Amino acid sequence: MAEIKDPENTILMELKGGTVVIELMPDIAPGHSDRMKELARAGAYDNVCFHRVIDGFMAQTGDPTGTGMGGSDLTDLPAEFSDAPFVRGTVGMARSSDPNSANSQFFIVLADARHLDGQYTMVGRVTEGMEFVDQIKLGDSSQNGLVEDPDHIVAMRVVNSE
């Protein structure tokens, strides 16, 4: 594993295939970065499934109910949109049609998805382990990526875990 430059803003996500390193972007999404760290430190992402995975687009997780309709008990966050491009490896916050409804769910972009630019809050990027993200079980394209017997996050933690 490469040297971690900012342990307070780096998350390690353990998948069945290996470790994914996510560098958060508090400079463009401070509220969402803090939320991901808070939930990771609380163990809220441990054993949560990738409920929606669309080939060539993204893998979505972070819903404790596993349905895509749930979130944490914390309040929803106001949008922190930016001009940063949604390219392969980008981590964005999932939301409903209300731009200010992001809570705990997030997605990892599997291929460039520039149509998301300025429409979703970008919270980070995968800096190592994208090959393990690519191994996440794909969902049914006729079911909007719904995954039967989905893969899970084994554990997720902030490098600086105090």
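**A quick tour: one residue, two pockets**

Start by selecting Ile-153, which is buried, with a relative accessible area of 0%. Keep in mind as you click around that this is a predicted model. To place Ile-153 along the chain, look at the loop between helix H2 (130-133) and strand S8 (155-158).

Next, add Glu-14 to your selection. Glu-14 and Ile-153 are 139 residues apart along the chain, yet their C-alpha atoms are separated by 6.1 Å.

Now bring up the other neighbours. Leaving aside residues up to four places away in sequence, Ile-153 touches Met-13, Glu-14 and Leu-15, then Tyr-45, Asp-46, Asn-47, Val-48 and Phe-50, and also Thr-61 and Phe-106.

Time to move on to the pockets. For the largest pocket, select Gln-60, Gly-68, Ala-94, Arg-95 and Gln-105, the residues nearest its centre among the 25 that line it. The space in there comes to about 500 Å³. Colour the lining of this largest pocket by class and you get 13 polar, 9 nonpolar and 3 charged residues.

Last stop: the second largest pocket, with a volume of about 200 Å³. Its lining has 13 residues, and Glu-3, Ile-4, Lys-5, Glu-23 and Thr-127 are the closest to the centre. Which elements give two or more residues to this lining? Show strand S2 (19-24) and strand S7 (122-128), and you have them. S2 provides the largest share of the lining of the second largest pocket, 3 residues. By class, the lining of the second largest pocket splits into 5 charged, 5 nonpolar and 3 polar residues.

Key: Residues are numbered from 1 along each chain as its sequence is written. This is a predicted model: local features need pLDDT of at least 70, side-chain atom pairs count only at pLDDT 80 or more; totals for chains, interfaces and linings use all residues. Side-chain values use heavy atoms; hydrogens and water are left out. Helices (H or I, at least four residues) and strands (E, at least two) are DSSP runs, numbered from the N terminus. Buried means under 20% relative accessible area, exposed over 50%, partly exposed in between (1.4 Å probe, protein chains only). Contact means heavy atoms within 4.5 Å. On a 1 Å grid over the protein atoms alone, a cavity is a set of points where a 1.4 Å probe fits but cannot get out, and a pocket is an open set with protein on both sides within 12 Å along at least five of seven lines; lining residues have an atom within 4 Å of a point. Grid points are joined across faces, edges and corners, and a volume is the space filled by probe spheres set on the points. Ala, Val, Leu, Ile, Met, Phe, Trp, Tyr, Cys and Pro count as nonpolar, Asp, Glu, Lys and Arg as charged, and the others, Gly among them, as polar.
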